[in-house]
Amino acid sequence: MKEALVLIGGGGHCRACIDVIEAAGNFSIAGIVDVNEKKGSNVLGYPLFAGDDELPSLMSAYRYFLITIGQVKSPDKRRQLFAMLKGLGAELPSITSPSARVSDHAAIGEGAIIMHGAIVGPGSRIGRNCIINTGAVIEHDCVIEDHCHISTGAVVNGECRIGGGTLVGSGSVLNNGLTISGNTIVGAGAVVTRSIDESGTYVGVPARKIVLPGRAV
């Protein structure tokens, strides 16, 4: 009998996660937690059966949880949920799509999801609570620290180190051997040719730092 898994967050990323969980076949989905206003609805046929404030009470009935809130502008919400769940004693399994190719010589942290068609090369380490999204490539000997999102079709070449909380945007490319500071956003389609030692938002070819409206330099 499959263990029951509770999903936290019922938006678009949740739908993609459900598809991976169903394909992997290791867990049954018990239901989804989201804001109270959504209770009673469903996502792809799975019930939105609890509000955020009910998470502590769910611990008596369920053991396994997965954060299915996406990460675009900030990793803060995923970080906060991960810390809260760990504090409550929850277990956060890693989930890998059967269509992904994860080397036997790679390591995947708890709560991470490796989505359809992604590749994780030998010697690479994926941190806790990471999203390695559809078709992303993590080449050999990379370190992806906790709470990162490597977006659809992004390519992280060998021996890179990506600091915690970083978003690597869709279709972007990181050259071999780079280090990226934590809490950085690499924009979609960017090509990063040099290490980034200052957190911020980087776009373009080659990638350069930009200042977003309302933010300090």
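## The N-terminal segment

Leaving aside neighbours within four places in sequence, lysine 2 is in contact with Gly25, Asn26, Phe27 and Ser28. The model discussed here is a predicted one. Lysine 2 itself belongs to the segment that precedes β1 (3-8). With a relative accessible area of 46%, the residue is partly exposed. One of its contacts can also be described by backbone distance: the C-alpha atoms of lysine 2 and asparagine 26 are 6.4 Å apart, although 24 residues separate the two in sequence.

## Overall architecture

The secondary structure of the protein chain consists of three helices and 24 strands. The radius of gyration is 17 Å, close to the 17 Å that the globule rule gives for 217 residues, so the chain is as compact as a globular protein of that length. Measures along the principal axes give a C-alpha trace spanning about 50 × 45 × 30 Å.

Of the 217 residues in the chain, 47% are buried. Among contacts with a separation of 6 or more, 27% are made by residues 24 or more positions apart.

## Surface and charge

The protein chain exposes about 9,700 Å², and carbon and sulfur atoms supply 51% of this area. Its charged side chains number 18 positive and 19 negative. The centres of these two sets lie 4 Å apart.

## Cysteines

The structure contains zero disulfides. Cysteine 14 is in no such bond; the nearest cysteine sulfur belongs to cysteine 17 and is 6.6 Å away. Because the cut-off for a disulfide is a pair of cysteine sulfur atoms within 2.5 Å, the 6.6 Å separation does not qualify. Cysteine 14 is buried, its relative accessible area being 0%.

Cysteine 142 likewise takes part in no disulfide, and the nearest cysteine sulfur, that of cysteine 160, is 5.0 Å away. Cysteine 142 is also buried, with a relative accessible area of 1%.

## Backbone geometry in loops

A cis peptide bond joins valine 205 and proline 206, with omega at about -10°. Proline 206 is located in the loop that connects β23 (201-203) to β24 (208-210).

Two residues have a positive phi although neither is a glycine. For leucine 44 the phi value is about 50°. This leucine 44 sits in the loop between β3 (42-43) and β4 (46-51), and its relative accessible area of 44% makes it partly exposed. For glutamate 159 the phi value is about 65°. Glutamate 159 is placed in the loop between β16 (155-156) and β17 (161-162); it is partly exposed, at a relative accessible area of 46%.

## Surroundings of serine 181 and isoleucine 185

Serine 181 is found in the loop between β20 (179-180) and β21 (185-186). At 18% relative accessibility, serine 181 counts as buried, because the cut-off for that class is under 20% relative accessible area. Not counting residues up to four places away in sequence, serine 181 touches Gly163, Thr166, Ile196, Asp197, Glu198 and Ser199.

Isoleucine 185 is part of strand β21. The residue is buried, with a relative accessible area of 19%. Once neighbours within four places in sequence are set aside, the contacts of isoleucine 185 are Val72, Lys73, Leu167, Gly200, Thr201 and Tyr202. In C-alpha terms, isoleucine 185 and glycine 169 are separated by 7.3 Å, and they are 16 residues apart along the chain.

## Surroundings of glycine 109

Glycine 109 occupies the loop between β8 (107-108) and β9 (113-114). It is a buried residue, with a relative accessible area of 13%. Neighbours within four places in sequence aside, glycine 109 is in contact with Ser94, Ile126, Gly127 and Arg128. Serine 41, by comparison, is 68 residues from glycine 109 in sequence and 31 Å from it in space, C-alpha to C-alpha.

How values were computed. Residues numbered from 1 in each chain as written. Predicted model: local features only at pLDDT ≥ 70, side-chain atom pairs only at ≥ 80, totals over all residues. Heavy atoms only, no water. Helix = DSSP H or I, 4+ residues; strand = E, 2+ residues; numbered from the N terminus. Rg over C-alpha atoms; globule rule 2.2 N^0.38 Å. Buried < 20%, exposed > 50% of the residue type's maximum accessible area, 1.4 Å probe, protein only. Contact = heavy atoms within 4.5 Å. Areas by Shrake-Rupley, 256 points an atom, 1.4 Å probe, with all protein chains shown as cover. Lys, Arg positive; Asp, Glu negative; His and termini not counted. Charge placed at Lys NZ, Arg CZ, Asp CG, Glu CD.
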